[in-house]
Amino acid sequence: MSLPEVKLSDPKALRGYAHPLRMALIGLLRQQGPMTATQAAERLGESVPNCSFHLRQLAKYGLAERVPGADARERPWRATALNTSWDDASDDPQTRAAVDELSAVQLALYVRKAEEFLSRRAEESTAWRAVTGFADRPVYATVDEMAALRARIDALLTEYDDRIADPAKRPAGSRKVSLIHLALLADPPPGARDLGEQEGDR
């Protein structure tokens, strides 16, 4: 199955999502279901007014919405989708700058997650330590080959999507694993380094 998705394309929306607390709030709503700003603040160790403000901002960009509550005092919030994506291929300078800003916030969150996991990894069983951790390997590929490789990886991960939306489908012993996908070009484009050196000589 494909997860319900919100795709951001407007630079304002991209920058609006580029905030650690907003990303944390969306993650919380997706993992634990609808909750009030008060409940979210308790779980994240934040103030209620701060969470309320950022939830309203998320709603402004179509990422969160109000739902009926048990009473009229405080209505809960829910995420509008289980996945957020954006276009990395835009040639518009404002969009590219906003995507870079969002990616930088996301990368910082990844680093914090990795550091937190590393700090408690020794507490995990040998079996879990054997199948988690950090690794990298070089791949020499064309643009078309990289596109095909990413599509194959996405197809493999899609097989597990129904377990995100429906906890009843998670097998006994399963745990949430964060698979962080970084595809990084190891070197600048051909000629870019030479051009930089020539400009520096002027």
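**Exercise 1. Describe the fold order and overall make-up of the chain.**

Start by reading along the sequence: the protein chain runs β-α-α-α-α-β-β-β-α-α-α-α-α. This is a predicted model, so keep that in mind as you work. Next, tally the elements: the secondary structure comes to nine helices and four strands. Then look at extent: the C-alpha trace spans about 70 × 45 × 35 Å along its principal axes. Finally, consider burial: 25% of the 202 residues count as buried.

**Exercise 2. Work out how helices H2 and H3 are oriented, and which residues join them.**

Find H2 at residues 20–32 and H3 at residues 37–44; they pack at an angle of about 105 degrees, with axes 11 Å apart. Angles of 65 to 115 degrees count as roughly perpendicular, and H2 and H3 are therefore roughly perpendicular to each other. Now pick out the contact: H2 brings Leu21, Ala24, Leu25, Leu28 and Gln32, while H3 brings Ala40, Arg43 and Leu44. Sorted by character, the residues of this contact are six nonpolar, one polar and one charged.

**Exercise 3. Locate the largest nonpolar core and explore one of its well-connected residues.**

The largest nonpolar core holds 30 residues, and Leu8, Tyr17 and Leu58 have the most contacts inside it. Among the elements giving two or more residues are strand S1 (5–8), helix H1 (11–17) and helix H4 (48–60). H2 supplies the largest share, six residues.

Now zoom in on Tyr17. Setting aside neighbours within four places in sequence, tyrosine 17 touches Leu8, Arg22, Met23, Ile26, Arg30, Leu58, Leu63, Thr84, Trp86 and Leu102.

Technical notes. Residues numbered from 1 in each chain as written. Predicted model: local features only at pLDDT ≥ 70, side-chain atom pairs only at ≥ 80, totals over all residues. Heavy atoms only, no water. Axes fitted to C-alpha atoms, helices over the stretch in contact; angles between N-to-C directions. Parallel < 35°, antiparallel > 145°, perpendicular 65-115°, else oblique. Contact = heavy atoms within 4.5 Å. Nonpolar A, V, L, I, M, F, W, Y, C, P; charged D, E, K, R; others polar. Core = buried A, V, L, I, M, F, W, Y, C linked by side-chain atoms within 4.5 Å. Buried < 20%, exposed > 50% of the residue type's maximum accessible area, 1.4 Å probe, protein only.
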